[in-house]
Amino acid sequence: MFTAIIVEDLIDALQLLKNDLKIRHPEIEVIATAQNVVEAAKLLRKKQPDILFLDIMLGDGTGFDILEIFPDLKSKIIFVTASDEFAIRAFKFAAIDYVLKPYSYEELDLAVTRAKKQIQPNKERLTILKETLSAPEKKPDKISLHTLDKIIIVNLDDIVRCESDSNNTMFHLRDKRKIFVTKTLKYFADMLKSYNFIRIHQSHLVNLECVSEYIKTDGGYLMLKNGENVPVSVRKKVEIIEILDKMHR
């Protein structure tokens, strides 16, 4: 058996989640619920559950306020958030699991399964999430990368390029490190497209800040500032030339 506390400011959403857990996950006992930061703080001072279902936006603050009150919280957290593209991007940058409202049963089941196995996100990943959520128009400073056995936090500006490796991605950093990440290149291309990264080929995503020049011969390729060259697909050539022209005007 697992214990759980739900922190959700909307009473209908709270009751729905509580009922869904009772029906689909009888192994989880909801021992208490709260609708705001103050109520949640009072509950967590008395008992910390195995799993904490935590809404981001609460009436008197945010879920992060609760985490700041309890920096050593041992509960596994399942964040619950509304369907917002900026919120989704923030969770992806921090590599932290979440459930989108309204959720499907499959999404809830997957979140519960992951929560039972996951290690609590460290403070740096929670900081990335908080900062990215609070300033969605600002370019994030850091990104969390899932490898096979750990999560590595890197500066976004330190990424030179990303290369597809089947359904995985190899990150190439300025310091020559390579990080093998268990997500597709498309996943990162969609996430990073607003931050000066461009997919120039089916297998390559490049940080435009690391580009030295475009070479038109030999099929067309980008010369990077570190001396590497990366092929440009035929359908991307015109777009690449236009982007580089704008950058150097």
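In this predicted model, Tyr187 is partly exposed, with a relative accessible area of 21%. Its sequence neighbour in the discussion that follows, Phe188, is buried at 2% relative accessibility. A search of the whole structure gives six aromatic pairs. Among them is the pair of Tyr187 and Phe188, whose ring centres lie 5.2 Å apart; the ring planes stand at 85°, so this pair is classed as edge-to-face, the class for planes over 60 degrees apart. Tyr187 also has a charged residue over its ring: Lys183 lies over the face of Tyr187, at 4.9 Å from the ring centre.

Another of the pairs joins Phe91 and Tyr98. Here the ring centres are 4.9 Å apart and the planes meet at 35°, so the pair is tilted. Phe91 is buried, with a relative accessible area of 1%, whereas Tyr98 is partly exposed, at 22%. The cut-off for buried is under 20%, so the value of 22% places Tyr98 in the partly exposed class. Phe91 and Tyr98 also belong to a cluster, in which ring pairs link them with Phe64 and Phe79.

The pockets were examined next. The largest pocket holds about 770 Å³ of space. Its lining consists of 26 residues, and those nearest the pocket centre are Ala95, Asp97, Arg125, His146 and Ile151. Several elements contribute at least two residues each to this lining: helix H4 (85-94), helix H5 (105-117), strand S8 (142-146) and helix H7 (185-192). Sorted by class, the lining of the largest pocket comprises eleven nonpolar, eight charged and seven polar residues.

The second largest pocket encloses about 250 Å³ of space. Twelve residues line the second largest pocket, with Leu67, Glu68, Pro71, Lys123 and Leu126 closest to its centre. Two or more lining residues come from each of helix H3 (63-69) and helix H6 (123-134). The greatest contribution is that of H6, which provides four residues. By class, the lining of the second largest pocket divides into seven nonpolar, three charged and two polar residues.

No disulfide is present, the count for the structure being zero. The distances around two cysteines agree with this count. For Cys162, the closest cysteine sulfur is that of Cys210, and the separation of 10 Å is too far for a bond. The converse also holds, since the cysteine sulfur closest to Cys210 is in Cys162, again at 10 Å. A disulfide would require the two sulfur atoms to lie within 2.5 Å. Both residues are buried: Cys162 has a relative accessible area of 0%, and Cys210 has one of 4%.

The last residue considered is Glu239, which is found in helix H8 (residues 237-247). Glu239 counts as partly exposed, at 33% relative accessibility. Between Glu239 and Ile198 there is a separation of 41 residues in sequence, while their C-alpha atoms are 9.9 Å apart in space.

Technical notes
Residues are numbered from 1 along each chain as its sequence is written. This is a predicted model: local features need pLDDT of at least 70, side-chain atom pairs count only at pLDDT 80 or more; totals for chains, interfaces and linings use all residues. Side-chain values use heavy atoms; hydrogens and water are left out. On a 1 Å grid over the protein atoms alone, a cavity is a set of points where a 1.4 Å probe fits but cannot get out, and a pocket is an open set with protein on both sides within 12 Å along at least five of seven lines; lining residues have an atom within 4 Å of a point. Grid points are joined across faces, edges and corners, and a volume is the space filled by probe spheres set on the points. Ala, Val, Leu, Ile, Met, Phe, Trp, Tyr, Cys and Pro count as nonpolar, Asp, Glu, Lys and Arg as charged, and the others, Gly among them, as polar. Rings of Phe, Tyr and Trp (its six-membered ring) pair if their centres lie within 6.5 Å; planes under 30 degrees apart count as stacked, over 60 as edge-to-face and the rest as tilted. Buried means under 20% relative accessible area, exposed over 50%, partly exposed in between (1.4 Å probe, protein chains only). A charge sits over a ring if NZ of Lys or CZ of Arg is within 6 Å of the ring centre and within 35 degrees of the ring normal.
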